[in-house]
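Load the model in a viewer and keep the selection panel open. The stops below are meant to be followed in order.

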Amino acid sequence: VNLVESGGGLVQPGGSLRLSCAASGNFRSSYVLGWYRQAPETQRELVASISSDGVSMYADSVKGRFTISRDNARNTVFLQMNSLKPEDSAVYYCHADASFFEYWGQGTQVTVSS
């Protein structure tokens with residue numbers, strides 16, 4: 001399974017970004033998809049996840065600002081990020097949970113700064 005993220009970049013506080021992650025290879029739509037992030041000298045943390053039937057969950061720090069969605073026909077997961085704050089700055093990683101295996105993307109940098 002190969003996961004490729006896109007959509008990161010530099011944005012001002014209060015701005016928005018939309019991350020995308022396209023899955024290929026031996027991917028199954030039954031996999032739970034998620035987004036993690038890791039800032040320098042911190043542990044990687046779960047931002048949001050979504051099951052194959054669309055049930056989502058969010059970290060408390062992003063509730064009400066971020067929305068995760070997926071397009072099973074295109075094997076793609078999205079993360080819409082609104083009202084971004086400097087503390088949202090991190091490398092964002094796409095993740096696929098296949099129960100006994102897990103897969104990671106290479107990461108995309110998000111920087112929130114004026």
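**From an edge strand to the core**

Begin with Glu5 and show its bridge partner in strand 3, which is Cys21. Keep in mind throughout that this is a predicted model. Now extend the selection to the whole of strand 1 and strand 3: the two run antiparallel and are joined by five bridges.

Next, bring in the rest of the sheet. It is an open sheet of four strands in the order 1-3-8-7, paired antiparallel. Strand 1 (2–6) and strand 7 are its edge strands, each pairing on one side only. From one strand to the next, the twist averages 15°.

Go back to Cys21 and add Cys94. Their sulfur atoms are 2.1 Å apart, and a disulfide joins the two residues. The link is left-handed, with -85° about the S-S bond. Cys21 belongs to strand 3 and Cys94 to strand 9, so the pair ties together parts that are 73 residues apart in sequence. Are these two cysteines buried or exposed? Both Cys21 and Cys94 are buried. There is no need to look for a second such link, as a search of the whole structure finds one disulfide.

Move to the other edge of the sheet and select strand 7 with strand 8. Six bridges join this antiparallel pair. One place to look is Phe66, whose bridge partner in strand 8 is Met81. Then follow the chain through the hairpin of strand 7 and strand 8, where four residues lie between the strands and Asn75 takes a positive phi near 50°.

Stay on strand 7 and show its side chains. Which residues form the covered face, and which the uncovered one? Phe66, Ile68 and Arg70 are on the covered face, while Thr67, Ser69 and Asp71 are on the uncovered face. In a regular strand, side chains alternate between the two faces of the sheet.

For the last stop, select Trp35, Leu79, Met81 and Tyr92. These four touch the most other members of the largest nonpolar core, which has 29 residues. To see where the core comes from, colour the strands that each supply at least two of its residues: strand 3 (17–24), strand 4 (32–38), strand 5 (45–50), strand 7 (66–71), strand 8 (76–81), strand 9 (90–97) and strand 11 (108–112). Nonpolar side chains tend to be buried together in soluble globular proteins. Met81 links this stop to an earlier one, being both a bridge partner of Phe66 and one of the core residues just selected.

Conventions
Residues numbered from 1 in each chain as written. Predicted model: local features only at pLDDT ≥ 70, side-chain atom pairs only at ≥ 80, totals over all residues. Heavy atoms only, no water. Core = buried A, V, L, I, M, F, W, Y, C linked by side-chain atoms within 4.5 Å. Buried < 20%, exposed > 50% of the residue type's maximum accessible area, 1.4 Å probe, protein only. Disulfide = S-S within 2.5 Å. Pairing = 2+ DSSP bridges. Axes fitted to C-alpha atoms, helices over the stretch in contact; angles between N-to-C directions.
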